[in-house]
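Dear colleague,

Please find below the structure that I am handing over to you. My notes on what was found in it follow directly after.

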Amino acid sequence: MKYALIGCGRVSPNHLKAARSNGFDIAAVCDIDASHIDTMFKESGFSEEEAACVHRYSDWNEMLDAERPELVSIALPSGVHADAAFDVISRAINCIIEKPMAMSLKDADRIIAVTEKTGATVAVCHQNRFNTAVQEMRAALEAGRFGRLSNAAVTVRWHRDEQYYSQDGWRGKWASDGGTLMNQCIHGIDLLRWMCGDEAEIVYGVTNNAYHPYMEAEDVGAAVVKFKNGVVATLEGTVNVNRTNMEEHLTLIGEHGSVKLGGMCANTIEHWSFDDDISDSNDGFHEKVANVYGNGHTSLFGDVAEAIRKHRPPYVDVYAGRRALETVLAVYKSSYEGVPVRLPLDAVASVDFSDTVWGNEK
């Protein structure tokens, strides 16, 4: 499968390694900064000879027209995900979009519309769905072992300092990135909404910027989410943990079972308890990961390749990507307006909240 990559920054080695692990023909890469390309190849374990065989571009439209790849993945700054995705998909080229798929619901809907029009296979890169621990939780849920769910929770407690935000000018800005909920917490929010039945109904949210005055958006956010099926869920995201990342946990509590996932990126089973007679050895399971990105990129890329071959939807499709984005924007909107927000939302964008004045700035 002929593959090309747009964007060669921080997360790009995960894309390149996933493409290589799946046996893709890595034909071309694109970035406006040539040094990013060199760094990416080095961090991805490519030799100079291997890297030299890959065509390099600084304009993605030029690359798309010249190379005509079968699959493109996008690992650009968040604020340009939507424009690049639209240019790829409008050519009927299959696509993997890094999270978030867009910074506005209007752009998300534009991506969905062009996907439906062209029939391209398009996935959003919420790779934590492929974590072994997450898959075990999902299998138990689909088998009915939880019974009726009562409540759920996701918590992302990580560390990001000024050095992180200063390394790229787009980080922490409303138009190009958002804050901790949009950047760090959206994977957990995707898992929460997926596990709770997708149909969120009401969001009560609060956000703040406590310790990062050099960024525009929030460094901490929390919300209560009520689903149409009655599940009450909470979410919390922060980059204010001292010195190092603490955890990402996901909890489901049902009438016949309770499970809590933890670790760096929901990669460990910390609690596993069910009423049924099925013997489980999952409690205490730990999947080793090198960083907060986890191991899911390889599986997600493999799933997309199979979806292309078998003409089926990918495991994490554009509709899932929109739901995760909608949830984050609902928290922003609720916090900004000081009232609960009802879903679905139609036309909300991160820039709608760019005039937010944080309490620590007054």
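The lining of the second largest cavity is made up of three nonpolar residues, five charged ones and no polar ones. Its residues are Arg129, Asp190, Arg193, Trp194, Asp198, Ala320, Arg323 and Ala324, and the space inside comes to about 30 Å³. Helices H10 and H12 each contribute at least two residues to this lining. Please bear in mind throughout that this is a predicted model.

In total, the structure holds two cavities of 30 Å³ or more. The largest encloses about 40 Å³. Around the largest cavity stand Ile189, Leu192, Arg193, Ala200, Val225, Phe227 and Thr327. By character, this lining divides into five nonpolar residues, one polar and one charged. Helix H10 (186–195) and strand E9 (220–227) each supply at least two of the lining residues, and H10 gives the most, with three. Arg193 appears in the linings of the largest cavity and the second largest cavity.

Turning to the open spaces, the largest pocket has a volume of about 810 Å³. Its lining consists of 40 residues, and those nearest the centre of the pocket are Gly9, Arg10, Val11, Trp170 and Arg171. Two elements, helix H1 (12–21) and helix H2 (34–43), give two or more residues to this lining. H2 gives the most, with five residues. The lining of the largest pocket comprises 16 nonpolar, 14 polar and 10 charged residues.

The aromatic residues also deserve attention. A search of the whole structure finds 15 aromatic pairs. One of them joins phenylalanine 41 and phenylalanine 46: the ring centres are 5.3 Å apart and the planes meet at 55 degrees, so the pair counts as tilted. Both phenylalanine 41 and phenylalanine 46 are buried. Another pair is formed by tyrosine 332 and phenylalanine 353, with ring centres 5.9 Å apart; their planes stand at 65 degrees, over the 60 degrees required, so this pair is edge-to-face. The pair of tyrosine 332 and phenylalanine 353 links distant parts of the chain, 21 residues apart: tyrosine 332 belongs to helix H12 (residues 318–337), whereas phenylalanine 353 lies in the segment after strand E14 (341–342). Tyrosine 332 has a relative accessibility of 2% and therefore counts as buried. Phenylalanine 353 is buried as well, with a relative accessible area of 4%. Tyr332 and Phe353 also belong to a cluster linked by ring pairs, together with Trp174, Tyr336 and Trp358.

Two arginines are placed over aromatic rings. Arginine 20 lies over the face of phenylalanine 46, 4.0 Å from the ring centre. For arginine 110, the charged end sits over the ring of phenylalanine 86, at 4.7 Å from the centre of that ring.

I would also draw your attention to several features of the backbone. Most residues other than glycine have a negative phi, and most peptide bonds are trans. Which residues does a cis peptide bond join, with omega about -15 degrees? They are lysine 99 and proline 100. Proline 100 is placed in the loop between strand E5 (94–98) and helix H6 (105–118). A cis peptide bond also joins leucine 343 and proline 344, where omega is about 10 degrees. Proline 344 is found in the segment after E14.

As for phi, alanine 266 has a positive value, near 55 degrees, although this residue is not a glycine. Alanine 266 lies in the loop between strand E12 (257–262) and E13. Is alanine 266 buried or exposed? Its relative accessibility is 0%, so alanine 266 counts as buried. Histidine 311 likewise has a positive phi, of about 55 degrees, without being a glycine. Histidine 311 lies in the loop between helix H11 (296–310) and H12. With a relative accessible area of 74%, histidine 311 is exposed.

Finally, a word on confidence. The protein averages a pLDDT of 96, and 99% of the residues score at least 70. Among the elements, strand E1 (residues 2–6) has the highest mean pLDDT, at 99, and strand E13 (residues 268–274) the lowest, at 95.

With kind regards

Key. Residues numbered from 1 in each chain as written. Predicted model: local features only at pLDDT ≥ 70, side-chain atom pairs only at ≥ 80, totals over all residues. Heavy atoms only, no water. Phe/Tyr/Trp six-rings, centres within 6.5 Å; stacked < 30°, edge-to-face > 60°. Buried < 20%, exposed > 50% of the residue type's maximum accessible area, 1.4 Å probe, protein only. Helix = DSSP H or I, 4+ residues; strand = E, 2+ residues; numbered from the N terminus. Lys NZ or Arg CZ within 6 Å of the ring centre and 35° of its normal. 1 Å grid on protein atoms, 1.4 Å probe; cavity = no way out; pocket = protein on both sides within 12 Å on 5 of 7 lines; lining within 4 Å. Points joined across faces, edges and corners; volume = space filled by probe spheres on them. Nonpolar A, V, L, I, M, F, W, Y, C, P; charged D, E, K, R; others polar. pLDDT = per-residue confidence, 0-100.
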